[in-house]
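Dear colleague,

I am passing on a structure that you have not worked with before, and I would be glad if you looked through it alongside my notes. The sequence and the model come first, and what was found in them follows.

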Amino acid sequence: MSALQSQVIQSLDGLSEDNLRFLLDLIQRFMKPSKSEAVSNNMADQTGIRKIGIFEHENLYDKDYDMDEHNEEIAKLFGVCE
């Protein structure tokens, strides 16, 4: 066990059950990916596409829809190109 791990464990000593539950929840939500996220991240590496946020596991548009079809028009609207 590294010195940093030891420090973390020592800092947990004396915390209430509620605080420990809260910390565990934070770790599980934000620091350790779930098995499905790990699989999703692995698939993202293979395809180069990774959904993020609350829609990570949802299909929001038809798989045949070209997302980049209107990029030039959008760029013109924002003055990126002429």
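Is Met1 buried or exposed, judged by its relative accessible area? Met1 has a relative accessible area of 73%, and because exposed means over 50%, Met1 counts as exposed. Please keep in mind throughout that this is a predicted model. Met1 is found in the segment before H1, and, leaving aside residues up to four places away in sequence, Met1 touches Ser6 and Ile9.

As for the overall layout, the protein chain has 4 helices and 0 strands, and read along the sequence it follows the pattern α-α-α-α. Of the 82 residues of the protein chain, 5% count as buried. The chain exposes about 8000 Å², and carbon and sulfur atoms supply 56% of that area.

The surface carries a nonpolar patch, formed by Leu4, Val8, Leu12, Leu15, Phe22 and Leu23, which together have about 500 Å² of accessible area. The elements that give two or more residues to this patch are H1 and H2, and the largest share, 3 residues, comes from H1. Two members of the patch can be described in further detail. Leu12 lies in helix H1, and with a relative accessibility of 33% Leu12 counts as partly exposed, because that class runs from 20% to 50%. Leu15, by contrast, lies in the loop between helix H1 (3-12) and helix H2 (17-31). Leu15 is also partly exposed, at a relative accessible area of 32%, and when residues up to four places away in sequence are not counted, Leu15 touches Leu20 and Leu23. Leu23 is itself one of the residues of the nonpolar patch.

Turning to charge, side chains of opposite charge can pair when their charged atoms come close. How many salt bridges does the count give? The count comes to 2 salt bridges. In one of them, Asp18 pairs with Arg21, and the closest N and O atoms are 3.3 Å apart. Asp18 and Arg21 are 3 residues apart in helix H2, so about one helical turn separates them, and both Asp18 and Arg21 are exposed. In another, the side chains of Asp25 and Arg29 meet at 3.1 Å, N to O. Asp25 and Arg29 both lie in helix H2 as well, 4 residues apart, which is about one turn of the helix. The partners in this pair fall into separate exposure classes, for Asp25 is partly exposed, with a relative accessible area of 30%, whereas Arg29 is exposed, with a relative accessible area of 57%.

There is also a patch of negative charge on the surface, where Asp66, Asp68, Glu69, Glu72 and Glu73 gather. Where along the chain is Asp68 found? Asp68 is found in the loop between helix H3 (35-47) and helix H4 (71-77). Its relative accessibility is 52%, and since exposed means over 50%, Asp68 counts as exposed.

To help you find your way back through these points, I would suggest looking at the nonpolar patch, to which H1 and H2 each give two or more residues, then at the salt bridge of Asp18 with Arg21 and that of Asp25 with Arg29, and finally at the patch of negative charge that includes Asp68.

With best wishes

Definitions and conventions. Residues numbered from 1 in each chain as written. Predicted model: local features only at pLDDT ≥ 70, side-chain atom pairs only at ≥ 80, totals over all residues. Heavy atoms only, no water. Patch = residues over 30% accessible without salt bridge, like charges linked within 9 Å, V, L, I, M, F, W, Y side chains within 5 Å. Areas by Shrake-Rupley, 256 points an atom, 1.4 Å probe, with all protein chains shown as cover. Salt bridge = Lys/Arg side-chain N within 4 Å of Asp/Glu carboxyl O. Lys, Arg positive; Asp, Glu negative; His and termini not counted. Charge placed at Lys NZ, Arg CZ, Asp CG, Glu CD. Buried < 20%, exposed > 50% of the residue type's maximum accessible area, 1.4 Å probe, protein only. Contact = heavy atoms within 4.5 Å.
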